[in-house]
Structure formats: structure tokens, C-alpha cells
Amino acid sequence: MKQNILPAIRLTLFCAVFFSGFYTIFIFGIAQAAPNNGKGEIIEHNAKKFYANVGQKFGKDEYFWSRPSAVDYNAAGAGGSNKGPSNPDYLKTVEERIENFMKHNPTVQKSEIPSDIITASGAGLDPNISVQAAKVQAQRIADIRKVDIRTVNSLIENNIESPFLGMFGTEKINVLKLNIVLDGLK
């Protein structure tokens, strides 16, 4: 037993020093080389600052809606609901979201609603929606803003972000950026 304790203590001390010191400094150094010193993309709009990499709440009908958040878009306390797909409370919440979405988007059939517009992400702060989630909202926005649907669809197409390195992930749309461009329409 003595021959195991000393190496275990040395390994524990090494890991404590390495991961709390060297590794932290290394990651901090990489962040400093990133755009905006690793603080994320900050967008200024109407004299306010927004983080493009953190989900924002958009609930008005004249805007594209964000993905729901289990933490009410509070970046200080990211997290999911921890309720599984068979949980009755979770199913009730999702059904309420579907009903609310269909009430505000009467031209959309229930089968056309993508899952990301009615379910929260794991952290509750996803700033992106799928292309389909944007497209099913296009008619509502065109009607309320009194613009041609082709204009709204063009905005969607112009704001699609490709997967990382062309192969990691899916196409997505940053809701904040899309809504800022939408506000720029005359």
C-alpha cells in the first residue's frame, strides 16, 4: 500500500499544479489570440450591446423567434430543464409551445414545425435556429411588416451560416443577426 500512496500523491500534486496553473494560462493565451480577446462577438445595435454567441429573447411577432430557453436566456446560469422526453411536465411544456407557435403562425401545419423552435437546447442559450425554423416564421413576419415574402426569404438565405469547416454541424441562422438585418428593412 505504501508503494501506491506516494505516486498517487505526486500525481495529484502534479495534476493540481498543471491544470490550475499551466493549462489555465495556456487556454487564456489562446483566447487572447481569438477575435475580441475570447470575449465573443459583441454587436452594437440601437445603443445597446449584445453577445452574438448567447441566445436572446425575441417574442414579438415582427421578429424571428429564438429557440426556447430553460433558463430564460440568463447567461449567468446556463442549463437545461433536465426533464426527459417522457416527462409529463416536459411534454405539456412542448405542447404549449406548439399551440402558441401555431396561434402566431396560422399558415404553418403542426408537422412543419421544426423541433428546435419548440425545444430548449442543453444550455438554454443557443443563439441559432435551423434554416427551417426561420422559414416557417417568414410568412408571419412578411404579413406583419407588410413586406414581400420573397424579401424575407432572401434575408434568411443571406444569413445562413455554413457548418464549421464545411462538415461539422449543420447550417444555422443567428437569430440576433437576422433580426438586426430585418430591422434594417425600409
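Where is the place of Q56? Q56 sits in the loop between β2 and α2, and the views below begin there. The model is predicted, so local features need pLDDT of at least 70 and side-chain atom pairs count only at pLDDT 80 or more, whereas totals for chains, interfaces and linings use all residues. Residues are numbered from 1 along each chain as its sequence is written, and side-chain values use heavy atoms, with hydrogens and water left out.

**View 1. Surroundings of Q56 in the loop between β2 and α2.** Q56 is buried, with a relative accessible area of 19%, where buried means under 20% relative accessible area, exposed over 50% and partly exposed in between (1.4 Å probe, protein chains only). Not counting residues up to four places away in sequence, Q56 touches F50, Y51, S66, Y73 and L176, contact being heavy atoms within 4.5 Å. The C-alpha atoms of Q56 and L178 are separated by 12 Å, although these residues are 122 apart along the chain.

**View 2. R140 in helix α4 (residues 138–145).** Helices (H or I, at least four residues) and strands (E, at least two) are DSSP runs, numbered from the N terminus. R140 is buried yet has no salt bridge, and the nearest side chain of opposite charge, D61, is 4.1 Å away; a salt bridge is a side-chain nitrogen of Lys or Arg within 4 Å of a carboxyl oxygen of Asp or Glu. Lys and Arg count as positive and Asp and Glu as negative, while His and the chain ends are not counted. The side chain of R140 does make a polar contact with the side chain of N105, at 3.1 Å (a pair of N or O atoms within 3.5 Å; within protein, one must be able to donate a hydrogen and the other to accept it, and residues adjacent in sequence count only if both atoms are side-chain atoms).

**View 3. The open sheet and helix α6.** Three strands form an open sheet in the order β3-β5-β4, with antiparallel pairing. β3 (128–129) and β4 (160–161) stand at the edges with a single partner strand each, so one side of each is left without a neighbour in the sheet. Helix α6 (residues 175–183) packs on the sheet, touching β3, β4 and β5, and its direction makes about 60 degrees with that of β5; axes are lines fitted to C-alpha atoms, for helices over the stretch in contact, and angles run from 0 to 180 degrees between N-to-C directions. β3 and β5 (residues 172–174) pair over 2 bridges, pairing requiring that DSSP finds at least two bridges between the strands.
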